[in-house]
Amino acid sequence: MAARKTYEPTVMVSPPSDILIPERDLGEIPALECRHLGITFGGLHAVENFNLTVGKTEIAGLIGPNGAGKTTVFNLITKVYQPTTGTILLAGRDIAGMDTAAVNRAGIGRTFQNIRLFNNLTVEDNVKLGLHNSIRYRSFAGVLRLPSYWQEEKKAHERALELLSVFKMERMADLRAGGLPYGVQRRLEIIRALATEPRLLLLDEPAAGMNPSETEELMETIRRIRDEFRIAVLLIEHDMKLVMGICEGIAVMNFGKIIAKGTPDQIRNDPEVIEAYLGKNREE
Amino acid sequence: MKKNTFTTIWKSNFTTYGIVLLFFAVMMILMATGNLSRLMRGQLVPICAYAIMAASLNLTVGVLGELSLGHAGFVSIGCFGGGLAAALLHDAGAGELVCLAGAVLAGVLLSTLAGFLIGLPVLRLNGDYLAIVTLACCQIIKSLLTNLFVGRDESGLHTGFLTQPEGVAADAFVIRGSQGLRNAAVIDNFPAAVVLLILCLIIIYNLIDSKSGRAIMALRDNKIAARSIGINITSYKMMAFVVSAAMAGAAGALFGLSQATVLPGKFDFNMSVLILVFVVLGGLGNIRGSVIAAALLTILPEKLRFLADYRMIIYAVVLIVVMLMRNSTVFHGLGEKIQGLLRRKKTAGSPPRDPDTDPAGKEG
C-alpha cells in the first residue's frame with residue numbers, strides 16, 4: 001500500500017518522505033497533499049509539520065485524542081485559518097491565497113463537528129445552496145423571472161432531489177432543516193457538501209450522535225459516495241468501528257503532530273498510538 | 001411528493017398582492033362614496049410609503065439578519081433627491097406622473113449610491129456594531145441635509161453648504177437647509193403609490209425566492225457554512241443592503257412629494273425605530289406582516305385622535321399588547337391550530353408524513 005507517488009510536483013516545497021496512498025490511486029494526482037503544514041496560536045503550535053497525502057479516490061481517516069488538532073487541520077485545509085507554514089495542494093494545485101469560498105469552488109466540500117445547517121430554510125433549499133455556484137442565472141434574471149430562472153431552478157430542484165436520494169431523504173425536501181433529528185441533520189450536511197461537486201470531502205465526526213445501525217448505514221453510504229462520485233474522503237471520527245471499517249489509510253494525531261500513519265491494521269498495533277489513547281504503562 | 005414548494009410560495013406572494021389590491025379597492029370605494037375623512041385621505045400615500053420602507057427594511061433585518069438603525073437616512077436621501085428632481089421636471093412642464101416617476105427614479109439612484117458607499121465600511125461589521133454604525137450614518141445624512149441649500153432659476157442650479165447662496169431669489173430654493181424641502185407641486189397620487197408598493201413587493205419576493213435570496217438567507221442562518229459551500233458573503237450582503245436602501249429611496253421620494261414641506265429633522269433615529277417597529281411587529285422575514293403592520297400603525301394614531309391627550313399612551317399600550325400576543329404561546333398555539341385545520345382540509349388525501357417512521361422513505 002505504501003508507495004512513492006509518480007507525478008511531477010507542481011510546487012517547489014520538498015515533499016515529505018512518507019507518502020501513503022492506495023495502490024489503485026498510484027499514478028494519479030492525489031486529491032490532497034499537505035506538506036509541512038503548521039499553525040501557531042500565540043506561541044502554541046496547534047498543528048506542526050503536518051504531512052498527509054490523500055489518494056484520488058481514497059477514504060482516509062484522521063484520528064486522535066480530544067484536542068489533538070484534527071479539526072484545526074480541517075480549518076487549515078479549508079482556509080478558515082491561514083496556515084503559518086506549509087503548502088496545501090488540491091489535486092496538484094496550490095491553494096495558497098484562496099479564501100474559504102474559493103477553496104470550496106476549487107473542490108473541497110466539508111461538514112462541521114457542530115452541525116452548521118441553514119436551520120430556517122427547507123431541506124431542499126439547503127441542498128440548492130450547495131448547488132449555488134452551478135446554478136447559472138443572474139440576480140436580475142431571478143427578480144424579472146426570465147426563462148433562465150425557470151430552467152435553472154427546475155434543474156436545481158431535480159438535482160437536489162437526486163442528491164437527497166443518496167440518503168433516501170427525498171421525502172423530507174419540504175421540511176425545515178432545523179427541525180430534523182440530529183442524525184438526519186448530519187446526513188443533510190453531507191449532501192449539501194456533495195452538492196458543491198467536491199473532489200475531496202472532509203467529514204468532521206460524521207457518525208457523532210448516531211446509533212450503531214445508523215453508523216453501519218453511514219459507512220455503507222460513505223463508500224457508495226466515493227464509488228459513485230469518484231471522490232476522496234478524509235474523515236475525523238472517534239468511532240473506531242467506522243474508522244477501521246472504511247478507511248484505507250489512517251493518520252493519528254496527538255498534540256498537533258502526526259504520530260503514526262498506516263493501514264488500519266498497522267495503526268491498531270502501533271505502540272505509540274496505543275500510548276496516546278490509553279496512556280503509558282508504568283512498568284515499562 | 002410532487003407537492004412543490006414553488007406553488008406554496010407563489011400562493012403566499014399572491015395573497016400579499018391581493019391584500020394590497022383589496023386595501024386599494026376598499027379605499028377607492030370609500031373615497032367615491034364620500035366616506036373617507038380628509039385626514040385619512042391624506043394618509044393613503046404615506047401608508048404606501050411606510051409599507052415600502054418596512055418591507056425594504058425587512059430585507060436587511062429579517063432576510064439578511066443584520067440590524068440596521070439607519071433606514072431613515074436612505075429614506076431622507078430619496079425624499080430630498082426626489083423632491084429636487086420633481087421640481088426640475090415640474091419647471092420643464094412635465095405632468096404629475098412624469099414628475100413622480102422621475103422623483104422615484106432619482107430617489108432610487110441616489111439611495112443606491114448612498115447604500116453602496118455606506119455599505120462598504122458598515123458591512124465589515126456584525127450585529128450591534130453594525131447597528132450603531134448605521135445609526136451614525138443616518139445621523140450624518142441628517143446633518144448634511146440640514147445644511148444643504150439647493151435652488152434653481154433661469155441661470156441653472158445653485159447649491160450651497162452651511163450658507164444659502166447669495167443673489168438668488170428665496171422662492172427659487174427647493175432644499176432650504178433646516179427649513180427642509182419645499183415641493184413645487186404636491187403629488188398625492190394614491191393609485192400610483194399602490195403600483196409602486198406592488199412593484200417593490202414583487203421585486204422583494206422574487207429576490208427572496210431566487211438563488212440570490214437563498215444565499216442571503218444562508219448568510220443569516222450560518223455565515224461559516226455559507227462560506228464553506230462557496231458563497232461570496234460580501235457581495236450578497238451588499239446586494240441585500242443596497243436593494244433595501246434603493247427601495248427606501250423610492251419610498252422617500254413618494255412620501256416627500258405627498259407633503260408640501262418636509263423637514264430634514266423628520267428623518268431621525270425615531271423614524272428609523274418606527275420603521276423597525278413595523279418590521280418587528282409584522283415578523284422578521286415576513287414581508288406581508290411588515291406591510292400590514294405599517295398600514296395599521298399609521299392609521300391607528302389617526303383613529304385614536306378622539307382620545308386627545310391620551311392618544312400616544314394608548315398607542316404605546318396597543319404596541320405592547322400586540323407584541324406580547326405575538327410572543328405568547330397561547331396565541332401561537334391558537335394560530336397553529338387554525339393553520340393545522342386548514343392544512344388538513346387541503347391535503348385530506350395525503351396525511352403529513354413523518355419521514356423517520358415512513359417505511360416508503362427508507363426503501364426509496
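In the next few minutes I will go through the two chains of this predicted model, then some of their helix packing, and then the place where the chains meet.

Let me begin with chain A, which has 10 helices and 10 strands. Its radius of gyration is 20 Å, close to the 19 Å that the globule rule gives for 284 residues, so chain A is as compact as a globular protein of that length. If you turn the C-alpha trace of chain A onto its principal axes, it spans about 70 × 45 × 40 Å. Of the 284 residues in chain A, 48% are buried, and when we take the contacts in that chain with a separation of 6 or more, 68% of them are accounted for by residues 24 or more positions apart.

Chain B, for its part, has a secondary structure that comes to 14 helices and 5 strands. Buried residues make up 43% of its 364 residues, and residues 24 or more positions apart account for 76% of the contacts in chain B with a separation of 6 or more.

Now to the helices of chain B, where I would like to stay with α2(B), which covers residues 38–63, and look at two of its partners. A word on the vocabulary: two packed helices are described by the angle between their axes and the distance between the axes.

The partner I take up to begin with is α6(B), residues 190–208, whose axis comes within 8 Å of that of α2(B) and crosses it at roughly 10 degrees. An angle under 35 degrees counts as roughly parallel, and α2(B) and α6(B) are therefore roughly parallel to each other. Their crossing is left-handed. On the α2(B) side the contact is made by residues including Leu44(B), Val45(B), Cys48(B), Ile52(B) and Leu59(B), while α6(B) contributes, among others, Phe190(B), Val194(B), Leu197(B), Leu201(B) and Ile204(B). Sorted by class, this contact has 18 nonpolar residues, 1 polar residue and no charged ones.

The other partner is α10(B), residues 269–282, and here the axes again come within 8 Å, but they cross at roughly 70 degrees. That angle makes α2(B) roughly perpendicular to α10(B), and the crossing is right-handed. The residues of α2(B) that take part are Tyr50(B), Met53(B), Ala54(B), Leu57(B), Asn58(B), Val61(B) and Gly62(B), and they meet Ile275(B), Leu276(B), Phe278(B), Val279(B) and Gly282(B) in α10(B). By class, the contact of α2(B) with α10(B) has 9 nonpolar, 3 polar and no charged residues.

Just ahead of α10(B), in the loop that runs to it from β5 (261–262), lies Lys266(B). Is Lys266(B) buried, exposed or partly exposed? With 18 C-beta neighbours inside 10 Å, it counts as partly exposed. Its C-alpha atom is separated by 29 Å from that of Ile19(B), which is 247 residues away along the chain.

Let me go back to chain A for one helix pair that will matter for the rest of this talk, namely α3(A), residues 123–130, and α6(A), residues 182–195, which pack at an angle of about 30 degrees with their axes 6 Å apart. Their crossing is right-handed. In α3(A) the residues involved are Val123(A), Asn126(A), Val127(A), Leu129(A) and Gly130(A), and they meet Leu188(A), Ile191(A), Arg192(A), Ala193(A) and Ala195(A) in α6(A). This contact has 7 nonpolar, 2 polar and 1 charged residues.

That brings me to the interface, where 31 residues of chain B are in contact with 36 residues of chain A. Which helices of chain B each supply at least two residues to that side? They are α6, α7 (211–221), α8 (223–228) and α14 (359–363), and the largest share, 7 residues, comes from α7(B). The side of chain B that touches chain A divides into 12 nonpolar, 10 polar and 9 charged residues.

I will end on one residue, Ile229(B), in the loop between α8 and α9 (233–257) of chain B. Ile229(B) has 26 other C-beta atoms within 10 Å, and because 20 or more are needed for a residue to count as buried, Ile229(B) is buried. Leaving aside residues up to four places away in sequence, Ile229(B) touches Asn104(A), Leu129(A), Gly130(A), His132(A), Arg192(A) and Thr196(A). Of these, Leu129(A), Gly130(A) and Arg192(A) also appear in the contact between α3(A) and α6(A).

Technical notes:
Residues numbered from 1 in each chain as written. Chains lettered and ligands numbered in written order. Predicted model: local features only at pLDDT ≥ 70, side-chain atom pairs only at ≥ 80, totals over all residues. Helix = DSSP H or I, 4+ residues; strand = E, 2+ residues; numbered from the N terminus. Rg over C-alpha atoms; globule rule 2.2 N^0.38 Å. Buried ≥ 20, exposed ≤ 12 C-beta atoms within 10 Å, placed from the backbone. Contact = placed C-beta atoms within 7 Å. Axes fitted to C-alpha atoms, helices over the stretch in contact; angles between N-to-C directions. Parallel < 35°, antiparallel > 145°, perpendicular 65-115°, else oblique. Left-handed = near helix turned anticlockwise from the far one by under 90°. Nonpolar A, V, L, I, M, F, W, Y, C, P; charged D, E, K, R; others polar.
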